[in-house]
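Work through these exercises with the sequence and the 3D structure open. Try each task before you read its solution.

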Amino acid sequence: MVGTDHVFVATGREAEGSEQVGRLFAFPREADASEPAWVERVRGGASAAPAVVGDLVVVPTFDGRLVGRETATGDRRWERKLGAAPGTPTVAAGRLYVGDRDGTIRALRPDGSTCWSVDRGPLVEGIGLGRSPRASHKPAVAAESVYAVYLREDATPDRGLLVSYDRADGSARWEYAFEAERRPVRAPAVAGGAVYLPGGNALHAVDAATGERRWRYAFGSGEGVSTPAVRDGTVYACAKNVHALDAADGTERWRFVNEHVRNPRTRRKPLYAAPLAGDGVVYAGLGALDAATGEPRWGEFGNDPDSKLFGTAVGGNLASQGPALVDGALYATVRYGLLVRFGGGE
């Protein structure tokens, strides 16, 4: 997560004596900064990526807490016990919208107090971080609604449910059922009057006002679909390959082929982290593709078996939430513990 002056990276659970702990690192945004400005211990380890609201960085933990720390110093401002491991909060208009693994969605003020909460049952697996990849997903937030994904309580485990809530009071507006196919279900995205849901092995486009399905695109990969990025009428998603789909009808515009096969000797890495759509560019993996054609512009896309960035260790993929772009600098976190910055220097 990138704030005004710092880049924040949180790590998952590691043994420290009899405890499980992680760390929260704050790196200065200067191009030549390679040492953290401050580091704080995260009791229980971070269950998902942190979020920045105002002058606070908020960290979710595996022992069911949200901790708000000052971005400049790391000093703890507040701590909120939720009961189950939360995912990354979504920040909108000064509020935090967060889901936890027990299925509760909360709207919180910047001081951690509750505006409203809704309990609907266990959430689907979502983003990964560090060495502990399972946590609840990040809700999608639009002007009037909050969109969350669940496992259905009244059906088989491979059925999912997308629910739209009123952003003001948390009342339910509509529900959309889908087949998760026992694959990871990651956070949805909302843009242009549609919710784009990575459900199992497919991407669903759902009308944001009514919950009616507009289209569904099935991928050939068997490991799930990333949270998509939407820009200029195109939806970009990673499902081993990088796909560009027409936002109106779901037809494929182009595909960048990732060469990973199910053979660890190849040491190539499939692409499942969320892409990022910029001005004429799509950032995927550790590189950039032309947004109109899918042709590579620079960087690595998991195809290089000798990559020094992706690495050869298990878990060498990017963190599932994908990169961040601020002031011409691209920041990406590789899950075995590497933070990379591209561009943005003088």
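## Exercise 1: Two cysteines

Cys238 has a relative accessible area of 0% and is buried. Keep in mind that this model is predicted.

Task: Is Cys115 buried, partly exposed or exposed?

Solution. Step one: take the relative accessible area of Cys115, which is 23%. Step two: recall that buried means under 20%, and exposed means over 50%. Step three: Cys115 falls in between, so Cys115 is partly exposed. Step four: look for disulfides. A search of the whole structure finds zero of them.

## Exercise 2: The chain as a whole

Task: How many helices and how many strands does the chain have? What share of its residues is buried?

Solution. Step one: count the secondary structure. There are 31 strands and zero helices. Step two: turn to burial. The chain has 346 residues, and 54% of them are buried. Step three: consider the surface. About 14600 Å² of the chain is exposed, and 45% of that area comes from carbon and sulfur atoms. Step four: check the contacts. Take those with a separation of 6 or more; 43% of them join residues 24 or more positions apart.

## Exercise 3: Arg29 in its loop

Task: Between which strands does Arg29 lie, and is Arg29 buried or exposed?

Solution. Step one: place the residue. Arg29 sits in the loop that runs from strand E3 (19-28) to strand E4 (38-43). Step two: read its relative accessible area, 16%. The cut-off for buried is under 20%, so Arg29 is buried. Step three: find what Arg29 touches, leaving out residues up to four places away in sequence. The list includes Val2, Gly3, Thr4, Asp5, His6 and Val7. Val326, Asp327, Tyr331 and Arg341 are on the list too.

## Exercise 4: Two buried serines

Task: Where in the chain are Ser47 and Ser164?

Solution. Step one: start with Ser47. Its place is in the loop between E4 and strand E5 (51-53). Step two: Ser164 belongs to strand E15 (residues 159-166). Step three: compare burial. Ser47 has a relative accessible area of 0% and is buried. Ser164 is buried as well, with a value of 0%. Step four: go from sequence to space. Ser47 and Asp100 are 53 residues apart in sequence, and their C-alpha atoms are 9.8 Å apart. Step five: list contacts of Ser164 beyond its neighbours within four places in sequence. Among them are Ser145, Val146 and Tyr147. Ser171, Ala172, Arg173 and Trp174 are also in contact with Ser164.

## Exercise 5: The largest pocket

Task: Which residues lie nearest the centre of the largest pocket, and which element gives the largest share of its lining?

Solution. Step one: note the volume of the largest pocket, about 990 Å³. Step two: go to the centre. Of the 41 lining residues, Lys138, Leu276, Gln321, Gly322 and Pro323 lie nearest to it. Step three: find the elements. Those that give two or more residues to the lining include strand E1 (6-10), strand E25 (276-277) and strand E30 (329-334). E1 gives the largest share, four residues. Step four: sort the lining by class. It has 33 nonpolar, seven polar and one charged residues.

## Exercise 6: The largest cavity

Task: What is the volume of the largest cavity, and which residues line it?

Solution. Step one: the volume is about 40 Å³. Step two: the lining is made by Pro270, Leu271, Tyr272, Ala273, Gly285, Phe310, Asn317 and Leu318. Step three: by class, six of these are nonpolar, two are polar and none is charged.

Technical notes
Residues numbered from 1 in each chain as written. Predicted model: local features only at pLDDT ≥ 70, side-chain atom pairs only at ≥ 80, totals over all residues. Heavy atoms only, no water. Buried < 20%, exposed > 50% of the residue type's maximum accessible area, 1.4 Å probe, protein only. Contact = heavy atoms within 4.5 Å. Areas by Shrake-Rupley, 256 points an atom, 1.4 Å probe, with all protein chains shown as cover. 1 Å grid on protein atoms, 1.4 Å probe; cavity = no way out; pocket = protein on both sides within 12 Å on 5 of 7 lines; lining within 4 Å. Points joined across faces, edges and corners; volume = space filled by probe spheres on them. Nonpolar A, V, L, I, M, F, W, Y, C, P; charged D, E, K, R; others polar. Disulfide = S-S within 2.5 Å.
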